[in-house]
Amino acid sequence: MADLDNDGNPDLFCVTGGIYPEEKTNYRTPRLVFRNLGAGRFEELIEEAGPGVLAQHSSRGCAFGDFDNDGDVDVLIMNHNEPPSLLRNDLTGSNHWIKTKLIGVKSNRSAIGGRVTVRYGGKIQVQEVLSQSSYLSVNDMRLHFGLGAATSVDIEVRWPLGSVERFEAVPADRLVVITEGSGITRAEEWTRGRQVRP
């Protein structure tokens with residue numbers, strides 16, 4: 001699950017495929033994308049998702065991250081007996097986003113087990129820093145939150161050892177680096193894959 005359109009609702013992305021190449025049917029299959037419409041409703045995207053989703057592979061796992069640092073989530077897919085596939089998400093529209101990168105000091109340096117809660121416009125999103133995401137895959141350690149129309153968020157960080165830090169009215173459309181015990185130590189605003197202002 002990852003918010004592929006930055007609307008604040010996590011979408012579903014699935015990789016599929018058979019195990020044995022001898023099985024000619026259903027060995028290579030397309031990927032599946034379901035857009036979250038809210039209220040527990042999803043719609044399957046087929047042609048709209050692009051040729052990378054329609055391409056047939058025998059895939060095993062996938063990882064999500066902003067490969068090109070342009071504010072949307074890209075997908076790296078591990079395929080069986082062939083190179084991985086990188087699906088670049090070139091999102092258009094006016095939805096906002098924020099990323100958090102946690103650096104542990106008393107907790108482990110990667111902040112694995114840390115939990116980030118963002119609040120905005122009456123909505124709440126929660127994500128944790130994990131050491132793996134799927135078979136042979138690990139997501140970007142920077143946590144990505146799609147915000148829809150919201151231009152700022154309140155952030156709460158619960159560190160792996162239990163301490164809590166809170167930050168109010170943090171502007172959107174940037175990576176926020178938070179160091180345990182020192183607060184926000186860096187913020188980088190990005191536009192179309194390039195850093196605009198540290």
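Strands β8 and β9 make a hairpin with two residues between them, and Gly121 in the turn has a positive phi of about 50 degrees. This is a predicted model, so please read everything below in that light. From the hairpin we can move out to the sheet around it, then on to strand β13, a well-connected asparagine, an aromatic pair, two cysteines and two residues with positive phi.

**The hairpin and its sheet**

- The two arms of the hairpin, β8 (residues 115-120) and β9, run antiparallel and are joined by six bridges.
- Two of the residue pairings are handy landmarks: Val118 has Gln125 as its bridge partner in β9, and Val116 has Gln127 in β9.
- The hairpin belongs to an open sheet of four strands, in the order β9-β8-β11-β12, with antiparallel pairing.
- Which strands stand at the edges? They are β9 (123-128) and β12 (164-171); each has a single partner strand, so one side of each is left without a neighbour in the sheet.
- Going from one strand to the next, the twist averages 20 degrees.

**Strand β13, covered on both faces**

- Strand β13 spans residues 174-179, and six of its six residues are buried.
- In a regular strand, side chains alternate between the two faces of the sheet.
- Here both faces of β13 are covered: Arg174, Val176 and Ile178 are buried on one side, and Leu175, Val177 and Thr179 are buried on the other.
- β13 pairs with β7 in the parallel sense, over five bridges.
- To find this pairing in the viewer, look for Lys101, whose bridge partner in β13 is Val177.

**Asn89, a buried loop residue**

- Asn89 sits in the loop between β6 (85-87) and β7 (96-103).
- Is this loop residue buried or exposed? Asn89 has a relative accessible area of 16%, which is under the 20% cut-off, so Asn89 counts as buried.
- Its side chain has polar partners in the backbone: the side chain of Asn89 reaches the backbone oxygen of Val73 at 3.0 Å, and a polar atom of that side chain lies 3.5 Å from the backbone nitrogen of Leu91.
- Leaving aside residues up to four places away in sequence, Asn89 touches Leu4, Asp70, Asp72, Val73 and Asp74.
- Val73 therefore appears twice in this picture, as a residue that Asn89 touches and as the owner of the backbone oxygen that the Asn89 side chain reaches.

**An aromatic pair between β1 and β4**

- The structure holds two aromatic pairs.
- One of them is formed by Phe13 and Phe64, with an edge-to-face arrangement: 6.1 Å centre to centre and 90 degrees between the planes.
- Phe13 lies in strand β1 (residues 12-14) and Phe64 in strand β4 (residues 59-65), so this pair ties together parts that are 51 residues apart in sequence.
- Both partners are buried: Phe13 has 10% relative accessibility, and Phe64 has a relative accessible area of 12%.

**Cysteines without a disulfide**

- How many disulfides does the structure hold? There are zero.
- For Cys14, the nearest cysteine sulfur is that of Cys62, 8.0 Å away.
- Why is there no bond between Cys62 and Cys14? Their sulfurs are 8.0 Å apart, too far for a bond, since a disulfide needs sulfur atoms within 2.5 Å.
- The surroundings of the two cysteines can be compared by accessibility: Cys14 is partly exposed, with a relative accessible area of 30%, whereas Cys62 is buried at 7%.

**Positive phi outside glycine**

- Most residues other than glycine have a negative phi.
- Asn81 has a positive phi, near 60 degrees, and lies in the loop between β5 (74-79) and β6.
- Ala111 also has a positive phi, of about 60 degrees, although it is not a glycine; Ala111 lies in the loop between β7 and β8.
- Which of the two is exposed and which is buried? Asn81 is exposed, with a relative accessible area of 64%, while Ala111 is buried at 0% relative accessibility.

Terms used: Residues are numbered from 1 along each chain as its sequence is written. This is a predicted model: local features need pLDDT of at least 70, side-chain atom pairs count only at pLDDT 80 or more; totals for chains, interfaces and linings use all residues. Side-chain values use heavy atoms; hydrogens and water are left out. Two strands pair if DSSP finds at least two bridges between them. Axes are lines fitted to C-alpha atoms, for helices over the stretch in contact, and angles run from 0 to 180 degrees between N-to-C directions. Buried means under 20% relative accessible area, exposed over 50%, partly exposed in between (1.4 Å probe, protein chains only). A polar contact is a pair of N or O atoms within 3.5 Å; within protein, one must be able to donate a hydrogen and the other to accept it, and residues adjacent in sequence count only if both atoms are side-chain atoms. Contact means heavy atoms within 4.5 Å. Rings of Phe, Tyr and Trp (its six-membered ring) pair if their centres lie within 6.5 Å; planes under 30 degrees apart count as stacked, over 60 as edge-to-face and the rest as tilted.
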